[in-house]
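Please open the model in a viewer and keep the sequence panel visible. The tour proceeds by selection, with a short account of what is found at each stop.

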Amino acid sequence: MSSLYVSLKTPISQSSCLRRRFNLGREPSQLCRINGQRAPTTCVSVGVEAPENAGKKLGFLTSKEVIEAEAKYLVGTYARAPVAVVSGKGSKLYDVEGREYLDLSSGIAVNALGHGDEDWLKAVIEQANTLTHVSNIYYSLPQVELAERLVASSFADRVFFTNSGTEANEAAIKFARKFQRNLHLDVKRPATEFIAFSNCFHGRTMGALALTSKEHYRSPFEPVMPGVTFVEYGNIQATKELIQRGKTAAVFVEPIQGEGGIYSATKEFLQFLRAACDEAGALLVFDEVQCGLGRTGYLWAHEAYGVFPDIMTLAKPLAGGLPIGAVLLTERIASAIAYGDHGSTFAGGPLVCNAALAVLDKISKPDFLSSVSKKGFHFKEILKQKLGGNPHVKEIRGPGLIIGIELDVSGSPVVDACRESGLLVLTAGKGNVVRLVPPLIITEDELSQAADILYQALLVLDEKK
Ligand SMILES: Cc1ncc(COP(=O)(O)O)c(C=O)c1O
C-alpha cells in the first residue's frame, strides 16, 4: 500500500459521498488494475509511490463516466477531447481504460520533461515534505535560488513570479505602465498604450486578453483594457508609424507565435522593434510563455535572433507541470516598481520553485538544448518526406520542437484521427494548423511513430470529401 494512499484515507473517510468515490474499504491491490493490467506507476527513492490506477481510486470506472460528470459539474469553458487521462510516463499518457497515447501536446507545451521525470518528482516530493507554501510575506529559499538562476541565464537583472502565463503578462503590463509613469512624472499623460500583433496570444485575464488578437476571445467581455492597437505581425512600416506617435508604453511580441499558428518573427522585424522601442522610449516585451525555455533548441527563443527585450514573460514548462509564471526584467524597469505595486499569495512558492529548479537544471544544459534542435530538425525532415506529398499540406514550419503543419482545411479531423490511433496533437491558428509540441525528452523513434500516424490521419481529409 502506498503511503500517499494512506495519508488520504483519514480525512476523506468522513464523507459518505467521497467514501463511495474513493472506494474506501477496498484493498488497494484491488484498485490497481485497468482491464486486468497494472497501470504504469512512478516510484521515487524518497519512498512515496504514486497511487496506482488513479481513475478507479476516484471511483470512475470508465472515460464515459468522467466525461458525463465533467459535463454536469464543470463550467463549460473547454471543448475537451474525449480522453480521460489518469497517468503518464515519459512521452506516454494512459486513459481510464488503459489505452496508451503518444503525447505530442505536452499539456500545451508544458511537460518539457515529459510525464513523471524522476528528478522533477524527487524535487517536488522532497520540497513538499519540507515546505510547500509560505506566502510572500516571508523569504523562501527555492524562490531566491530560482530567481538567481533565471537572472544568471538571461538578459535580466530581476524576476517577479506569477502563477500562469496570463498573470506574467498582467504583471508586465503593470510594470510597463509604472515605468513610463516614473519616467515622465513631469508629463500629464505618460505613454500608457500598447502594441500587439495579428495572431498573437497573451492570455485570458482582462489586460492580457486586451493584448490578444482573436476578437472572439475579447468581444464578449468588452470593455477590456483600452489603448491596445494590433498591427500585422512583421509589418515594420505600420509599427513604425504607430510607435512614432510616442504614446506606446510597450510592444508585446512572441518571437515565435504558438496559438497563432507557429509563425516565427524575422530577425529584421525583431531588430526593428528593438531599435524603434529604444528611439520612442517604449519597452519591448517578449512573450516566451510558449516558445521559451528550450522549446526552440535555445534556452530563450530570442537568442536565435540576437535581439534582447526589456521584459520577458515565461510560464508553461518552467515548473514541469506545476503552475508558475515569471517576468524577467532589467534593473532600469525594476527600479520603478515599489512595495505594494504588485503581488500574489501563491506565486513563487517553495514547491513550484523547487520543481522549476529541477526543470531548469535539465533543460539549460547545452547537450539537452542541442538534442532538441537535432530532434526538431530530424522530425521536420521526416514530416516533409512523409506528409509533403499530401495536397492538403501547405507548409511544415517551426524551430526545434514547436512545429506547425499548415493545411488548406481545418485540422480537427486530423487531430481526431490521430487521437483514435493513439497520438495526441493540437490545432493552432484558425484551426488549420496541426500543432506539434512534444515533450522535449521525446525519442527519435517516438517522433517517427508520430509521423507515421500523422501520414495515415491526413488521409481522412480525402475520405471525408
Ligand atoms: C504566448 C502565450 N502567452 C500567454 C499565454 C497564457 O498562458 P496561461 O494559459 O498560463 O495563462 C499562453 C498560453 O497558451 C501563450 O501561449
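The stops below cover the ligand, a pocket, a cavity and several salt bridges. The model is a predicted one.

**Stop 1: the ligand**

Select the ligand together with its surroundings, which comprise 13 residues. The closest are G165, T166, D287, Q290 and K316. Display the polar atoms next. At G165, a polar backbone atom is 2.8 Å from an oxygen atom of the ligand. At D287, an N or O atom of the side chain lies 2.7 Å from a nitrogen atom of the ligand. Then add E259, where a polar side-chain atom is 3.2 Å from a ligand oxygen atom.

**Stop 2: the second largest pocket**

Centre the view on Q143, R158, V159, F160 and Y339, which lie nearest the centre of the second largest pocket. This pocket holds about 990 Å³ of space, and its lining consists of 27 residues. Colour α7 (141–152), β6 (158–162) and α13 (331–334), the elements that each give two or more residues to that lining. Which element gives the most to the lining of the second largest pocket? It is β6, with four residues. Colouring the lining by class shows 15 nonpolar, eight polar and four charged residues.

**Stop 3: the cavity**

Move to S135, N136, A347, G348 and G349, which lie nearest the centre of the largest cavity. The structure holds one cavity of 30 Å³ or more, and the largest cavity has a volume of about 50 Å³. Its lining is made up of 13 residues. By class, five residues of this lining are nonpolar and eight are polar, while no charged residues are present.

**Stop 4: salt bridges**

The count of salt bridges in the model comes to 24. Three of the pairs are visited here.

Select E70 and R80, which form a salt bridge with their closest N and O atoms 2.7 Å apart. E70 lies in helix α4 (residues 63–73) and R80 in the loop between α4 and β3 (85–89), so the pair ties together parts that are ten residues apart in sequence. Are these partners buried or partly exposed? E70 is partly exposed, at a relative accessible area of 21%, and R80 also counts as partly exposed, at 48%.

Continue to R149 and D361, whose salt bridge brings the closest N and O atoms to 2.4 Å. R149 is in helix α7 and D361 in helix α14 (residues 350–363), so this pair ties together parts that are 212 residues apart in sequence. With relative accessibility of 26%, R149 counts as partly exposed; D361, at 39%, is likewise partly exposed.

Finally, select D310 and R274, a salt-bridged pair with closest N and O atoms 2.9 Å apart. D310 lies in the loop between β12 (283–287) and β13 (311–314), and R274 in helix α12 (residues 267–280); the pair links distant parts of the chain, 36 residues apart. D310 has a relative accessibility of 7%, so it counts as buried. R274 also counts as buried, at 15%. Add D278 and R332 to the selection to complete the view: R274, D278, D310 and R332 are linked in a network of salt bridges.

Technical notes
Residues are numbered from 1 along each chain as its sequence is written. This is a predicted model: local features need pLDDT of at least 70, side-chain atom pairs count only at pLDDT 80 or more; totals for chains, interfaces and linings use all residues. Side-chain values use heavy atoms; hydrogens and water are left out. On a 1 Å grid over the protein atoms alone, a cavity is a set of points where a 1.4 Å probe fits but cannot get out, and a pocket is an open set with protein on both sides within 12 Å along at least five of seven lines; lining residues have an atom within 4 Å of a point. Grid points are joined across faces, edges and corners, and a volume is the space filled by probe spheres set on the points. Ala, Val, Leu, Ile, Met, Phe, Trp, Tyr, Cys and Pro count as nonpolar, Asp, Glu, Lys and Arg as charged, and the others, Gly among them, as polar. A salt bridge is a side-chain nitrogen of Lys or Arg within 4 Å of a carboxyl oxygen of Asp or Glu. Buried means under 20% relative accessible area, exposed over 50%, partly exposed in between (1.4 Å probe, protein chains only). A residue is near a molecule or strand if one of its heavy atoms lies within 4 Å of it. A polar contact is a pair of N or O atoms within 3.5 Å; within protein, one must be able to donate a hydrogen and the other to accept it, and residues adjacent in sequence count only if both atoms are side-chain atoms.
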